[in-house]
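Got the viewer open? Let's take a short walk through this one, one selection at a time.

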Amino acid sequence: MAMTIEGLAFMFSSSILLQILACAVYSNWWPMLSALMYVLVPMPCLFFGGGTTQFLTSREGGGWIDAAKFLTGASAVGSMAIPIILRHAGLIGTGAMFIAFTSFFIFVCTVLCFHRASLDDEW
């Protein structure tokens, strides 16, 4: 169990490090807007899902659960869309966009590993 938490912490910190590097390497802090979305992604789980991620894979519905699923999906799509929009507008370079994508990929892998660990073992 401790190895799982350490691995998740390492993956999460790597994701944040890459997000900061996307900004620092190119001396442009616009890519930090997608880091704002990283804060918004788990909020529907906390507010509407009771703090667990198990409702995301269930077929059960309801007003609040459907709203939480929608907001989680919208936040995830926004995390990918922000670097693309910033690149299209010419505010960031292609390298910063790809570093932000890598950061997002690691973040998503972290969330999926957390979800798997929470299904396997009740904390």
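Here is a tour of some aromatic rings, and then a stop at the surface.

This is a predicted model, where local features need pLDDT of at least 70 and side-chain atom pairs count only at pLDDT 80 or more, while totals for chains, interfaces and linings use all residues. Residues are numbered from 1 along each chain as its sequence is written, and side-chain values use heavy atoms, with hydrogens and water left out.

Start with the rings. Searching the whole structure turns up 4 aromatic pairs (rings of Phe, Tyr and Trp, its six-membered ring, with centres within 6.5 Å). Select Tyr38 and Phe104: this pair is stacked (planes under 30 degrees apart), with 6.4 Å centre to centre and 25 degrees between the planes. Tyr38 sits in helix H2 (residues 32-40) and Phe104 in helix H5 (residues 94-120), so the pair links parts of the chain 66 residues apart (helices are DSSP runs, H or I, of at least four residues, numbered from the N terminus). Tyr38 is buried (under 20% relative accessible area, 1.4 Å probe, protein chains only), at 6%. Phe104 is buried too, at 11%.

Next, pick Phe98 and Phe101. Their pair is edge-to-face (planes over 60 degrees apart), at 6.1 Å centre to centre and 70 degrees between the planes. They are 3 residues apart in helix H5, which means about one helical turn separates them. Is Phe101 buried or exposed? Phe101 is buried, at 18% relative accessibility, while Phe98 is partly exposed (from 20% to 50%), at 47%.

Now select Phe12, Tyr38, Phe104 and Phe107, which form one aromatic cluster.

Last stop: Leu17, which lies in helix H1 (residues 2-24).

Methods. Helices (H or I, at least four residues) and strands (E, at least two) are DSSP runs, numbered from the N terminus.
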